[in-house]
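Colleague: Please put the model on the screen. I have some questions about burial, cores and salt bridges.

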Amino acid sequence: MNILVLNCGSSSLKYQLIDSESENVLASGLCERIGIDGMFTYKPGDGEKSVTEVSIPDHKVGVGLILDAIVNKDTGVISGLDQIGAIGHRVVHGGERFASSVEINDEVMAAIEECNDLAPLHNPANLIGIRACQAIMPGVPNVAVFDTAF
């Protein structure tokens with residue numbers, strides 16, 4: 001199964017697409033300077049890294065750039081989004097409520113939002129990334145992995 005892993009920060013979005021069976025990184029990269037002037041980095045597996053200046057006004061646009069890159073006809077590493085079996089999200093703060101990873105539902109989203117004051121630069125961005133993935137790939141499981149669980 002291919003797993004997309006996202007780490008949304010206040011002005012960046014790191015990502016990897018991992019084949020969970022082989023543990024190979026199929027693609028990785030970074031959206032930087034979100035909301036400023038934007039820089040998108042994409043590296044397919046062992047291929048050449050490309051860096052592109054592009055407008056990335058918010059994390060939702062960043063998620064779109066990532067998904068477009070990994071399914072790109074010429075440089076992508078999978079043929080369609082249906083080849084992504086799950087999405088893992090690094091979430092900075094889960095408060096005292098979350099001691100381990102959890103599949104994301106409405107209740108989990110509300111609990112993450114309640115922790116926004118504890119991680120104001122990260123939790124709101126994490127929620128934007130989660131919502132973008134849910135909108136673009138409905139039905140694909142999203143899992144939160146909390147820094148506070150370690």
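Colleague: Is Arg 90 buried, partly exposed or exposed?

Modeller: The model is predicted, so local features need pLDDT of at least 70 and side-chain atom pairs count only at pLDDT 80 or more, while totals for chains, interfaces and linings use all residues. Residues are numbered from 1 along each chain as its sequence is written, and side-chain values use heavy atoms, without hydrogens and water. Buried means under 20% relative accessible area, exposed over 50%, and partly exposed in between (1.4 Å probe, protein chains only). Arg 90 has a relative accessible area of 30%, so this residue is partly exposed.

Colleague: Which residue meets the side chain of Arg 90 in a salt bridge?

Modeller: A salt bridge here is a side-chain nitrogen of Lys or Arg within 4 Å of a carboxyl oxygen of Asp or Glu. Arg 90 lies in strand E6 and its partner in the segment after E8, so the pair ties together parts that are 57 residues apart in sequence. Strands (E, at least two residues) and helices (H or I, at least four) are DSSP runs numbered from the N terminus. The N to O distance is 2.5 Å, and the partner, partly exposed at 31%, is Asp 147.

Colleague: Which residue forms a salt bridge with Arg 33?

Modeller: Arg 33 is partly exposed, at 38% relative accessibility. The partner is also partly exposed, with a relative accessible area of 45%. The closest N and O atoms are 2.5 Å apart, and the partner is Asp 37.

Colleague: How many salt bridges does the count come to?

Modeller: Another pair is Arg 97 with Glu 107, at 2.4 Å from N to O. Arg 97 is in the loop between E6 and strand E7 (102–103) and Glu 107 in helix H2, 10 residues apart. Arg 97 is partly exposed at 47%, whereas Glu 107 is exposed at 52%. By the rule above, the count of salt bridges comes to 4.

Colleague: Which element gives the largest share of the largest nonpolar core?

Modeller: A nonpolar core is a set of buried Ala, Val, Leu, Ile, Met, Phe, Trp, Tyr and Cys residues joined through side-chain atoms within 4.5 Å. The largest has 25 residues, and those with the most contacts inside it include Leu 4, Leu 6 and Ile 66. Elements that give two or more residues to this core include strand E1 (2–8), strand E6 (84–91) and H3. The largest share, 5 residues, comes from H1.

Colleague: How many residues are in the second, separate core?

Modeller: One of its members is Ile 130, which lies in helix H3 (residues 123–136) and counts as buried at 0% relative accessibility. Ile 130 touches (heavy atoms within 4.5 Å) Ile 104 and Met 109, among other residues more than four places away in sequence. Ile 104 and Met 109 are also in this core, as is Val 108, and the number of residues is 11.

Colleague: How far apart are the end C-alpha atoms of H3?

Modeller: The expected span of a helix is 1.5 Å times one less than its number of residues. For the 14 residues of H3 that should come to 20 Å. The end C-alpha atoms agree with this, at a separation of 20 Å.

Colleague: Which elements are included in what covers the buried residues of H3?

Modeller: The buried residues of H3 include Leu 127, Ile 130 and Cys 133. What covers the buried residues of this helix includes E1, H1, E6, helix H2 (106–114) and strand E8 (142–146).
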